[in-house]
Amino acid sequence: MSGYPTRRMRRLRRTPAIRALRRETRLTADDFIYPLFIVERDDQAGPVSSMPGVSRLRIDDLDREVESILSAGLRSVLLFGLPSSKDATGSTGCGDDNIVSQAALRIKKLTDRLVVMTDVCLCEYTDHGHCGIVRDGAIDNDETLSALCQMAVAHARAGADFVAPSGMMDGMVGAIRRGLDEAGLSDVGILSYAVKYASSFYGPFREAADSKPAFGDRRSYQMDPSNVREALAEAKLDIDEGADIIMVKPALPYLDVVRRVREAFPEMPLAAYQVSGEYSMIKAAARNGWLNERDVVLEALTSIKRAGADLIITYFAKEAAGYLRG
Ligand code: PBG
């Protein structure tokens, strides 16, 4: 009764219109968050060679960029900063006139239609490139929290709608939530990089953000790629500390993690970060004529959403929005 020849799965694949009726996962430009790299000095601006199509922007480039983001139909951006100077404690990222705050102010002056999110981490601002303050060769968790708090409050005061702590310090979400509330910024949300792996797929980003660690690696704070139960513990802690949105990062090599986190916390908005290495691999293959860029980008993004992500942080956001318009 239920099997072949009565049941024929191909009936629902016969035409494009029928396939659209049957479609379970739909990608829209509303799902995308577009990362931007903002530089303080003119000589830091320009194309990122390991990420074709991605450029580091000056504050004055934002007028044109915001216009093009809005006309692509995107609704949110995630800001990363490249300061003009770095020190041991990342202080240039934490003052009121840090480069990301300058960018947030400019964007909010240009438009009220874009959700502004900011990366909150020390690695772009420390001379050693680690995501926290170093004491005796190790990253000091609790000392780092107060710096992250200051940075988050500075971004929020400049107009950020969400701050996105990415340093994988224990207690960072709770500390930032308290810091924001005490500063009267209780409407500012937290998108937590709750589940962030120590991944080699971040390679191209470290060129873009000039944030390669000068010694060692990030394995004492980012997660071991072998683990998934640990991901559930990380997500739960961040939710309990007050995260509004949680994130899994990277995306495509970790779709099983996206699925597990989605099922464990069905009530939470969930984002996944299609990271620089995922982007550059597709760009490189497409440039060699080995893959069709448009089709592969849409397939990868659809897969991330199908796995359970509501939101996708992607360097392809503008191009993908264009493909979706047809
Ligand atoms: C900073 C940060 C990183 C990324 C996002 N925020 C780099 C890292 O942890 O080394 C990676 C993004 C990407 O690869 O696209 N803490």
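**Close-up views of a predicted model**

**View 1. A turn-off from the usual backbone at Asp-136.** Asp-136 sits in the loop that runs between β6 (133–135) and β7 (138–140). In this predicted model, its phi comes out near 50°, so here is a positive value in a residue that isn't glycine. For context, most residues other than glycine have a negative phi.

**View 2. The ligand and the residues around it.** Count the neighbours here and you get 19 residues surrounding the ligand. Lys-196, Arg-206, Lys-249, Ser-276 and Tyr-315 are the closest of them.

**View 3. Side chains in polar reach of the ligand.** Two of the pairs shown involve ligand nitrogen: Ser-166 puts a polar side-chain atom 3.1 Å from a nitrogen atom of the ligand, and an N or O atom in the side chain of Asp-119 is 3.5 Å from a ligand nitrogen. On the oxygen side, Gln-222 has a side-chain N or O atom 2.9 Å from an oxygen atom of the ligand. How much of the ligand's accessible area does the protein cover? The answer is 100% of the 400 Å² that the ligand has on its own.

**View 4. Two cis peptide bonds, each leading into a proline.** Most peptide bonds are trans. Tyr-4 and Pro-5, though, are joined by a cis one, with omega at about 10°. Pro-5 belongs to the segment before α1. The other cis bond links Lys-249 to Pro-250, and its omega is about -10°. Pro-250 falls in the loop between β10 (245–249) and α8 (255–264). Lys-249 may ring a bell from View 2, as one of the closest residues to the ligand.

**View 5. A patch of arginines on the surface.** Arg-8, Arg-10, Arg-11 and Arg-13 come together here as a surface patch of positive charge. Arg-13 is placed in the segment before α1 (16–22), and Pro-5 from View 4 lies in the segment before α1 too.

**View 6. A salt bridge between two helices.** The structure has 19 salt bridges, and this view picks out one of them: the side chains of Lys-318 and Glu-65 meet at 2.8 Å, N to O. Lys-318 is in helix α11 (residues 317–325) and Glu-65 in helix α2 (residues 62–71), so the pair ties together parts that sit 253 residues apart in sequence.

How values were computed:
Residues are numbered from 1 along each chain as its sequence is written. This is a predicted model: local features need pLDDT of at least 70, side-chain atom pairs count only at pLDDT 80 or more; totals for chains, interfaces and linings use all residues. Side-chain values use heavy atoms; hydrogens and water are left out. Patches are made of residues with over 30% relative accessible area and no salt bridge: like charges are joined within 9 Å, nonpolar side chains (Val, Leu, Ile, Met, Phe, Trp, Tyr) within 5 Å. Accessible areas come from the Shrake-Rupley method with a 1.4 Å probe; for residues, only the protein chains shown count as cover. A salt bridge is a side-chain nitrogen of Lys or Arg within 4 Å of a carboxyl oxygen of Asp or Glu. Lys and Arg count as positive and Asp and Glu as negative; His and the chain ends are not counted. The place of a charge is taken as NZ of Lys, CZ of Arg, CG of Asp or CD of Glu. A residue is near a molecule or strand if one of its heavy atoms lies within 4 Å of it. A polar contact is a pair of N or O atoms within 3.5 Å; within protein, one must be able to donate a hydrogen and the other to accept it, and residues adjacent in sequence count only if both atoms are side-chain atoms.
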